[in-house]
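Student: I'd like to take a close look at one part of this model, the place where the ligand sits. Could you walk me through what surrounds it and how that fits into the rest of the chain?

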Amino acid sequence: MSIDIANEIDFDSQLALNSEATAALFLDARTANAWSDEEITDETLQAIYALTKMGPTAFNGQPLRITWIRSAEARERLVEHMMDGNKAKTLTAPMVAVLSFSTEWHSLMPTTAPHMADMMMPMFEANIESRTTSGSNNAHVQAGYFILAARAAGLAVGPMTGFNPAGVDAEFNADSSHSAFMVINLGKPAGPSTHDRLPRLDFDLATVTL
Ligand SMILES: Cc1cc2nc3c(=O)[nH]c(=O)nc-3n(C[C@H](O)[C@H](O)[C@H](O)COP(=O)(O)O)c2cc1C
């Protein structure tokens, strides 16, 4: 286990998760760039979303929208808009998720936050900048939950922002108010990562206690 990068913390005494789960979610999980042929079932996609949606979002707004790209035809259309270095791995991944945020996420507040919909929905309706910022921020938070949910389902992920969002929106979001912000390859990795993990920032560099 690549425990050195985690600063030799005594996780056994500090964490509620067992060491197998901690390794699968954080310590051993690596970003994948090459894939085995193993298919991902619709039931697994359902399980990934069922976990993702439980993570907290502001106003319980849940702005994340996901387009699953399984077919070869949809994949070709997506890869057109990926940076060159991201094309091959996106073409070969068993599943690809295009993550977008809804710019109209507030319209579901009567369902997602009925106790404050009367007050907050008109405010967000009138303030496009505020609801777009909140939608983008919270969908990015949900992307983090998605990555951990996929790892919990035993998959590796390859998140990418190296693509043309306007092109992906024209291709997949033209009939909606969704805005693409991340593409995530999913699958079982072809083998171990071909490079060492890059350094992570130490506690003292990245945090301050006041
Ligand atoms: C939001 C986000 C965007 C990324 N975009 C790309 C990308 O466009 N192309 C790519 O090859 N890797 C991309 N990566 C992968 C990162 O470089 C990789 O996850 C990071 O170096 C950690 O690698 P590790 O999980 O193996 O430690 C992205 C990762 C994240 C989270």
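Tutor: Happy to! Let me start from the annotated region and then move in to the ligand. In this predicted model, the end C-alpha atoms of residues 35-188 lie 6 Å apart, and that span is 49% helix and 19% strand. According to UniProt, in an unreviewed entry, these residues carry the annotation "domain: Nitroreductase".

Now to the ligand itself. The residues around it are R30, T31, N86, K89, P159, M160, T161, G162, M182, R197 and R200. By character, this shell divides into 3 nonpolar, 4 polar and 4 charged residues. Two elements, α5 (84-92) and β3 (156-160), each supply at least two residues of the shell.

For the polar contacts, three side chains deserve your attention. T31 places a polar side-chain atom 2.6 Å from an oxygen atom of the ligand. In K89, an N or O atom of the side chain is likewise 2.6 Å from a ligand oxygen atom. R200 has a polar side-chain atom 2.9 Å from an oxygen atom of the ligand. As for burial, the ligand taken alone exposes 630 Å², and the protein buries 64% of that.

Stepping back, here is the setting for that site. The protein chain has 10 helices and 4 strands, and from the N terminus on its elements run α-α-α-β-α-α-β-α-α-α-β-α-β-α. Its radius of gyration is 19 Å, close to the 17 Å that the globule rule gives for 210 residues, so the chain is as compact as a globular protein of that length. Along the principal axes, the C-alpha trace spans about 50 × 50 × 35 Å.

Finally, the domain assignment divides the chain into domain 1 (1-28) and domain 2 (31-190). Taken over C-alpha atoms, the centres of domain 1 and domain 2 are separated by 27 Å. If you return to the ligand with this in mind, T31, K89 and R200 are good places to start looking, with their polar side-chain atoms at 2.6 Å, 2.6 Å and 2.9 Å from ligand oxygen atoms.

How values were computed: Residues are numbered from 1 along each chain as its sequence is written. This is a predicted model: local features need pLDDT of at least 70, side-chain atom pairs count only at pLDDT 80 or more; totals for chains, interfaces and linings use all residues. Side-chain values use heavy atoms; hydrogens and water are left out. A residue is near a molecule or strand if one of its heavy atoms lies within 4 Å of it. A polar contact is a pair of N or O atoms within 3.5 Å; within protein, one must be able to donate a hydrogen and the other to accept it, and residues adjacent in sequence count only if both atoms are side-chain atoms. Accessible areas come from the Shrake-Rupley method with a 1.4 Å probe; for residues, only the protein chains shown count as cover. Ala, Val, Leu, Ile, Met, Phe, Trp, Tyr, Cys and Pro count as nonpolar, Asp, Glu, Lys and Arg as charged, and the others, Gly among them, as polar. UniProt positions are given in the numbering used here, feature names are shortened, and annotations may be inferred rather than shown by experiment. Domain bounds come from an automatic or database domain assignment. The radius of gyration is taken over C-alpha atoms; the globule rule is 2.2 Å times the number of residues to the power 0.38.
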